[in-house]
Amino acid sequence: MLASGTPSQAADPGVGDTTITLGMSAPFSGPNGAYGKEMKEGALAYFAQLNAAGGINGRKVELVTLDDGYETDKAVANTRKLINEHKVFALMAFYGSSPTTEAMKVFSEARVPLIGTISGAGSLRNPVNRYMFHLRASYADETEAIVNHLVGLGITNIAVFYQNDGFGKSGLEGVTATLAHHKLKPVAVGSIERNSLEVGPAVAQIAKANPQAVIMATLYKPSAEFVRQMRKAGQMPQFSTLSPVGADLLVGELGAKDAHGIGISQVMPYPWNDTLPVVKEYQKALQSFAKHGNYSYYGIEGYINAKVMTEALKKAGKEPSREKLVSILEGGSVDVGGYRVTYTSTNHNGSRFVDLTVLGRDGRILH
């Protein structure tokens, strides 16, 4: 039943007289903990700025963050905990295709909206879930941009190294689909299990094909190990990877010299120059909140996520309800300062923005 907003009807959980409570589950520990930490910091930097200016319609935002270590069972348990124990009004910035796919069953049944999924998996986008809104382009959008770029350069012998889970499989499907448009197939395919660094079998499989390029649908630690081992095997293909890798983390893991030349697709604005208003705001907020200037793609994604959530909550007025929040989001576009997300009742994808970048000699990301 839709909340009518009348005083006689109890407000949805998470809305107090002076606070509104939101929840987030992401990895803050384990091999991918750095991703979650950067996102959380970006979101908290925005909320600190917002709360200092009076909050949303007189309420301060409180963000409850729980660590799932990029483990599906933990993400599901955290979702239950956030809804049932912490009584959050809405969820944001969930990380990972497989964890979010399972958590979706919990928050959908509870009719608690999730705004911002750090995943481009097609399975999370179709069919449309009324209670889940994406901020970033899909892996299909990213792989299409990478493959079209490589083929445009005359590179046709393309292999795929992927993580054996929702993220990696979605990346593999995207590459295969775009190659098929060019009447091509992957020359070799190798995989690795999630949270593993056992790249040997994939290196052996892919090196046999002597590819001109390898597209990696893997995270930063296995990507770095794979590149190292491929080069040890005498293979020098063009390596390209998708946005979840975290460019700054890949450089940190591999070193600037060995990371030089790796191509990375990005789904957020370039966070190191301030031509867009939202980037300028993010940089200022991060310096003020975290007292450092270590900008990152994950950081700005957390910041943008918090801003999109806030814009919708402001429109929901003094008596917000979860159903009202969903309807407001489905009602059109939000421009957060040069980055726009658009939703309708039949499309919750938000954005198709993809930027192709490459790692320079000094480890800097060039675009």
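Two strands count as paired if DSSP finds at least two bridges between them. That rule sets up the hairpin of strand 11 and strand 12 in this predicted model. The hairpin has 4 residues between its strands. Among the residues of this hairpin, Gly337 takes a positive phi near 115 degrees. Strand 12 covers residues 340–344, and 4 bridges join strand 11 to strand 12. The two strands run antiparallel. Two residue pairs can be picked out. Asp335 stands opposite Arg340 in strand 12. Val334 has Val341 of strand 12 as its bridge partner.

The hairpin belongs to a sheet. Three strands form this open sheet, in the order 11-12-13, with antiparallel pairing. Strand 11 (332–335) and strand 13 (347–350) stand at the edges. Each has a single partner strand, so one side of each is left without a neighbour in the sheet. On average, neighbouring strands of this sheet are turned by 15 degrees against each other, direction ignored.

A second open sheet has 7 strands. Its order is 7-6-8-9-10-14-15, and its pairing is mixed. Here the edges are strand 7 (189–192) and strand 15 (365–366). Each of these has a single partner strand, so one side of each lacks a neighbour in the sheet. Look at the strand 7 edge. Strand 6 (residues 158–163) is joined to strand 7 by 4 bridges, and these two strands run parallel. Within that pairing, Phe161 has Gly190 in strand 7 as its bridge partner. A helix covers this part of the sheet. Helix 5 (residues 166–181) lies across strand 6, strand 7 and strand 8 (213–217). Helix 5 runs at about 160 degrees to strand 6.

Next come two backbone details in loops. Most residues other than glycine have a negative phi, and most peptide bonds are trans. Asn195 has a phi near 60 degrees, a positive value in a residue other than glycine. Asn195 sits in the loop between strand 7 and helix 6 (200–207). The other detail is a cis peptide bond, which joins Asn126 and Pro127. Its omega is about -5 degrees. Pro127 is found in the loop between strand 4 (114–118) and strand 5 (132–133).

Now turn to helix packing. Two packed helices are described by the angle between their axes and the distance between the axes. Helix 1 (residues 33–52) and helix 10 (residues 277–290) pack at an angle of about 90 degrees. Their axes are 9 Å apart. That angle makes helix 1 roughly perpendicular to helix 10. From helix 1, the contact uses Glu41, Leu44, Ala45, Ala48 and Gln49. From helix 10, it uses Glu281, Ala285, Leu286, Phe289 and Ala290. By class, the residues of this contact are 7 nonpolar, 1 polar and 2 charged.

Helix 10 also packs on helix 11. The axes of helix 10 and helix 11 come within 10 Å and cross at roughly 105 degrees. These two helices are therefore roughly perpendicular to each other. Helix 10 brings Val278, Val279, Glu281, Tyr282 and Ala285 to the contact. Helix 11 brings Gly299, Ile300, Tyr303, Ile304 and Lys307. This contact divides into 7 nonpolar, 1 polar and 2 charged residues. Glu281 and Ala285 of helix 10 meet helix 1, and Glu281 and Ala285 also meet helix 11.

Helix 11 leads on to the cavities. Rolling a probe the size of a water molecule over the atoms shows where empty space is left. The structure holds 3 cavities of 30 Å³ or more. The largest cavity has a volume of about 60 Å³. Which residues line the largest cavity? They are Arg136, Ser243, Gln266, Val267, Met268, Tyr297, Tyr298 and Glu301. Helix 11 (residues 297–315) gives the largest share of this lining, 3 residues. The lining divides into 4 nonpolar, 2 polar and 2 charged residues. Helix 11 thus appears twice: it meets helix 10, and it supplies the largest share of the lining of the largest cavity.

Technical notes. Residues numbered from 1 in each chain as written. Predicted model: local features only at pLDDT ≥ 70, side-chain atom pairs only at ≥ 80, totals over all residues. Heavy atoms only, no water. 1 Å grid on protein atoms, 1.4 Å probe; cavity = no way out; pocket = protein on both sides within 12 Å on 5 of 7 lines; lining within 4 Å. Points joined across faces, edges and corners; volume = space filled by probe spheres on them. Nonpolar A, V, L, I, M, F, W, Y, C, P; charged D, E, K, R; others polar. Axes fitted to C-alpha atoms, helices over the stretch in contact; angles between N-to-C directions. Parallel < 35°, antiparallel > 145°, perpendicular 65-115°, else oblique. Contact = heavy atoms within 4.5 Å.
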